[in-house]
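Me: I'm new to this structure and would like a close look at a single part of it. Could you pick up one chain and walk me through how it is put together?

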Amino acid sequence: MFTNGKIFKTSLAVAAATMVFASSAQAQAKPESFKIGGVISLSGPYGLLGEDMRRGVQIAIEERQGKVLGVPIEVVWEDDETKPQPAVQKATKLISEGSHMIFGALSSASTLAVMNITKQRKIPHLVTISADDKITVPGGSRYTFRTSNTLDMENRMALSYMQDKKLKKIYAVTADYQATRDGWEWFKKNATSSGAQIAGEDYTPLGNRDFSSVVDKIAKSDADGVFLALTGSDVVTFLKQAGQVNLSKSKVIFGPVVADETMAAGVGPSALGVNSGMRYHYTINNAANRKFVEAYQKKFNVFPPMAAGEAYDGMSWWLDTVEKTGVWDKEKWVDAFANSVRENSVEGKKTMRACDRQALQVGYWGEVVQGTPPAPALTMKITQVFPENKLFTDCKQ
Amino acid sequence: MSTIVIGLSLGMLLFLLAAGLTLIFGMLGVINFAHGAIYMLGAYVSFEVGKQTGSFLMGVIAAITITGVLGAAVEKLSLRPLYERPHFYQLILTFGLILVLSDVVRYIWGSGYQEVSIPPLWNGTVDMLGSTIPVYRLFVIGLGVVVSTLLYLFLEKSTFGMLVRAASSDAEMVRILGLPVGTIRMAVFSIGCALSGLAGAIAAPLFPVELGMATNTIIDCFIVVILGGLGNIRGAIAASLMVGMVRALGYVYMPSWVDILTFSLLILTLLTRPQGLFFRAARSA
């Protein structure tokens with residue numbers, strides 16, 4: 001007969017043995033491949049940037065011979081059409097197909113929508129371009145990490161630029177979109193408290209097809225600066241149509257993220273002199289970036305654009321971290337990434353902040369200038385590098 | 001005043017975009033979903049030929065020619081067997097054409113933005129009542145007037161236009177009279193596609209030339225076609241100007257409501273006059 005004490009001890013031993021067996025099975029359960037579910041925009045206003053992101057990820061994977069934790073990396077890409085609803089559907093599909101992580105999305109609205117799914121399903125989620133401040137907040141999702149810029153840090157750079165240029169009257173054109181509206185409200189509050197006036201503000205629909213009326217209003221105003229919170233095809237259309245009435249001759253055009261080589265190529269010479277925050281640039285001079293630029297040029301025969309650089313940077317950091325854990329355990333990957341430091345990022349040192357899952361980093365500001373070969377005809381020139389402590393505030397719970 | 005000029009230019013550009021769709025729907029009864037993709041192809045062809053030759057005009061001519069020939073080929077090879085079948089066959093065909101053309105464009109030109117500059121002749125501005133108006137916008141207004149007049153004369157006053165209308169209302173009767181209905185239909189589809197190509201070439205200096213331009217445009221075109229009365233050219237002109245004005249005024253007074261205003265106009269029309277604001281009932285004997 002077993003006594004109660006013996007029964008208890010035996011049960012404890014069986015339970016302990018089961019747990020050990022289960023955890024070792026989990027660690028040893030090595031799938032055939034490491035599956036990445038990529039939700040990006042391949043159509044819609046941000047469609048072009050999605051292709052760049054895909055290329056950046058491709059280089060990050062090829063750099064490690066296509067493997068992590070000893071198995072091949074498999075990426076399945078889905079197009080969210082730059083809309084949150086398809087983004088959620090595609091992310092759900094990818095997770096149900098066994099993705100070990102979700103990469104994306106591109107627009108902040110899509111990323112915020114995808115975050116809810118990855119949080120519920122406890123799937124690591126890597127964001128390398130969406131800038132909405134709400135993506136990385138203290139007490140937010142344990143599973144979502146952003147390795148790229150926040151809109152807040154870009155607005156801080158834009159504000160500093162406005163102050164340096166001594167601009168007194170600002171006209172704002174903002175995509176009618178929560179993240180850009182919030183960003184403009186922050187900028188307006190801080191610009192007016194530093195003495196600037198607001199000459200006008202217009203919220204245009206995302207994917208707007210004609211800005212001529214808005215450009216006409218700005219031209220007639222007494223603004224000396226035009227703050228653009230637009231991106232993708234919206235900013236290209238705006239700058240083209242502003243160029244047709246020579247708007248930049250009388251007003252300084254700038255914005256948190258309104259220019260890179262891709263956009264400048266679409267605008268043409270009217271893009272010259274536009275100032276913008278930059279998330280990544282191929283001219284950043286460090287060994288990691290030189291290596292990435294060389295690999296990218298060899299494969300695609302062009303310099304890597306912003307979205308490609310950010311995607312490469314985030315994905316290679318993530319895969320290196322997963323490799324270091326040595327186990328097939330999503331929770332351990334998340335814990336490791338939350339406390340990781342990327343000394344050799346292509347943009348300089350990046351530190352993942354565990355409290356909000358946001359990478360602390362320096363910020364780049366630049367201007368569209370005439371390029372000389374092999375640079376594109378219109379290229380960005382980094383004019384200022386903002387240190388990390390000027391761009392991030394304390395992480396308050 | 002500047003708002004009126006901008007509204008006119010938006011409206012006329014919209015008319016150029018929608019004219020091909022209206023023509024094809026009005027005369028053939030085919031809803032050409034690939035209209036936007038052909039417009040995009042026109043923009044890319046104009047970009048490429050303009051870059052190679054240094055001539056904007058050559059780019060425009062090449063865009064019209066290539067999209068016109070493409071239209072003729074599509075009609076003859078794939079659309080013609082489908083006229084007698086239910087409409088959804090045509091929808092699937094033209095939808096498939098969007099995918100094919102998008103991939104062809106992506107393969108040839110990549111997915112980046114391409115830039116077409118305004119030709120030097122129209123690359124200036126004029127001051128009109130306190131506003132600076134790009135000369136190119138005035139050119140677009142003028143071209144819209146010319147195209148709409150030519151289209152009207154072609155359909156209403158020419159012998160070929162009469163045949164097109166006859167084939168549209170009773171193809172069998174025209175065929176019995178010994179006239180080549182197939183060739184007439186091919187010509188109409190080809191002209192409709194050439195108009196889309198022309199619109200793409202004319203729009204290229206105003207907007208980014210990119211893959212997304214196909215989908216951005218098609219919605220506006222359908223709004224114009226529905227407001228104007230399906231297939232009604234004069235209705236399409238009036239509807240284009242109406243939408244252009246609504247958008248121009250909307251951008252001035254309530255930019256974030258522009259799409260809502262445009263779609264409200266569409267919904268209101270569908271509720272009150274589903275046959276279109278400018279629909280004319282066919283005369284009967």
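Reply: Happy to, and let's begin with overall size. Keep in mind that this is a predicted model. A compact globule of 397 residues would have a radius of gyration near 21 Å, and chain A has 23 Å, so the two agree. Laid along its principal axes, chain A has C-alpha atoms that fill a box of roughly 95 × 45 × 35 Å.

Now for what sits inside that box. Chain A holds 14 helices and 16 strands. Of its 397 residues, 54% are buried, meaning that 20 or more other C-beta atoms lie within 10 Å of their own. As for who touches whom, take the contacts in chain A with a separation of 6 or more: 70% of them join residues 24 or more positions apart.

Next, the way chain A is divided. There is a domain 1, made of 34–149 + 285–361, and a domain 2, made of 152–278 + 365–391. Each of the two is therefore written as a pair of sequence ranges. From the C-alpha centre of domain 1 of chain A to that of domain 2 of chain A is 27 Å. Where these domains meet, domain 1 of chain A puts in 16 residues and domain 2 of chain A puts in 19. On the domain 1 side, the elements giving two or more residues are helix 2 (47–63) and helix 4 (108–121) of chain A. That side of domain 1 of chain A divides into 10 nonpolar, 4 polar and 2 charged residues.

Chain A also has a partner to deal with. Its contact with chain B takes 33 residues from chain A and 32 residues from chain B. On the chain B side, at least two residues each come from helix 1 (2–28), strand 2 (131–134), helix 9 (213–228), helix 10 (233–253) and helix 11 (258–272) of chain B. Sorted by type, the chain B residues that touch chain A are 15 nonpolar, 13 polar and 4 charged.

While we're over in chain B, have a look at its helix 4 (residues 87–109) too. This helix has 23 residues and reaches 33 Å from its first C-alpha to its last, close to the 33 Å expected at 1.5 Å a residue. Its buried residues are Gln90(B), Thr94(B), Leu97(B), Leu101(B), Ser102(B) and Val105(B). An α-helix has 3.6 residues a turn, so residues three or four places apart point the same way. Just past the end of helix 4 of chain B comes Gly110(B), with a positive phi of about 80 degrees.

Key:
Residues numbered from 1 in each chain as written. Chains lettered and ligands numbered in written order. Predicted model: local features only at pLDDT ≥ 70, side-chain atom pairs only at ≥ 80, totals over all residues. Helix = DSSP H or I, 4+ residues; strand = E, 2+ residues; numbered from the N terminus. Expected span 1.5 Å × (residues − 1). Buried ≥ 20, exposed ≤ 12 C-beta atoms within 10 Å, placed from the backbone. Contact = placed C-beta atoms within 7 Å. Nonpolar A, V, L, I, M, F, W, Y, C, P; charged D, E, K, R; others polar. Rg over C-alpha atoms; globule rule 2.2 N^0.38 Å.
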